[in-house]
Amino acid sequence: MKPVTFLVALTTVAVVLSTVSASPYGGWQPIENIHNYRIQEIAKFAVRMHNLENNFKHPLRLVSIRRGLVQVVDGMNYKLDVMVAGSNSLDSRGSMYRTEVHVTLGTMELMFFTRIVKGIN
């Protein structure tokens with residue numbers, strides 16, 4: 001049983017190392033699967049934090065992720081272009097925002113959340 005566990009752990013480490021070595025430290029790389037659960041959670045976190053920072057005056061909700069980049073640093077940076085919608089007339093059709101979230105073990109930090117295109121469907 002222990003050799004199997006060791007082999008699984010070794011395989012997991014090899015996969016992680018090969019993923020990291022494919023992304024040069026500090027360089028931005030495209031996220032291949034923006035529909036991944038983890039990427040979706042990062043985008044939802046960014047929208048929640050934006051709403052919180054703005055005292056929920058005009059709360060937004062995540063509609064979709066359009067594009068994403070990842071950067072290996074001390075942790076990971078995720079730059080996402082997200083489509084969001086709101087309840088007020090300005091955002092009722094949806095707006096595109098660019099956000100960046102820094103992720104380390106167990107923590108996420110919103111770096112910025114900025115509108116880049118208005119009224120896209």
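Mentor: Before we start, contact means heavy atoms within 4.5 Å of each other. What you're looking at is a predicted model, where local features need pLDDT of at least 70, side-chain atom pairs count only at pLDDT 80 or more, and totals for chains, interfaces and linings use all residues. Residues are numbered from 1 along each chain as its sequence is written, and side-chain values use heavy atoms, leaving out hydrogens and water.

Trainee: Okay! For contacts with a separation of 6 or more, what percentage comes from residues 24 or more positions apart?

Mentor: Take the contacts in the protein whose partners have a separation of 6 or more. Then pick out those between residues 24 or more positions apart, and their share is 51%.

Trainee: What pattern does the protein follow along the sequence?

Mentor: Helices (H or I, at least four residues) and strands (E, at least two) are DSSP runs, numbered from the N terminus. Here they come to 2 helices and 5 strands. Read in order, the pattern is α-β-α-β-β-β-β.

Trainee: How much of the protein is buried, as a percentage of its residues?

Mentor: Buried means under 20% relative accessible area, exposed is over 50%, and partly exposed sits in between (1.4 Å probe, protein chains only). Out of 121 residues, the buried share is 34%.

Trainee: Which element gives the largest share of the largest nonpolar core?

Mentor: A nonpolar core is a set of buried Ala, Val, Leu, Ile, Met, Phe, Trp, Tyr and Cys residues joined through side-chain atoms within 4.5 Å. The largest one has 20 residues, and Leu80, Val82 and Phe113 touch the most other members. At least two residues each come from helix H2 (37–53), S2, strand S3 (75–86), strand S4 (95–104) and strand S5 (107–118). The largest share, 6 residues, comes from H2.

Trainee: Why would such side chains sit together?

Mentor: It fits a broad trend. In soluble globular proteins, nonpolar side chains tend to be buried together.

Trainee: Setting aside neighbours within four places in sequence, which residues is Ser64 in contact with?

Mentor: Find Ser64 in strand S2 (residues 60–73). Val82 touches Ser64, and its other partners beyond four places in sequence include Ala43, Leu62 and Phe113. With the nearby positions left out, Ser64 is in contact with Val82 and Met83.

Trainee: Which side chain makes a polar contact with that of Ser64?

Mentor: A polar contact is a pair of N or O atoms within 3.5 Å; within protein, one must be able to donate a hydrogen and the other to accept it, and residues adjacent in sequence count only if both atoms are side-chain atoms. At 3.1 Å, the partner of Ser64 is Arg66.

Trainee: How many salt bridges are there?

Mentor: A salt bridge is a side-chain nitrogen of Lys or Arg within 4 Å of a carboxyl oxygen of Asp or Glu. One of them joins Lys44 and Glu41 (3.7 Å, N to O), and this pair is separated by about one helical turn because the two are 3 residues apart in helix H2. By the rule, the count is 3.

Trainee: Which residues are joined into one network by salt bridges that share partners?

Mentor: Asp81 in strand S3 and Arg67 in strand S2 are 14 residues apart, so their pair ties together separate parts of the sequence; the bridge is 3.3 Å, N to O. Asp81 counts as buried at 8% relative accessibility, whereas Arg67 is partly exposed at 41%. Asp81 also forms a salt bridge with Arg98, at 2.7 Å between the closest N and O atoms. Through shared partners, the network joins Arg67, Asp81 and Arg98.
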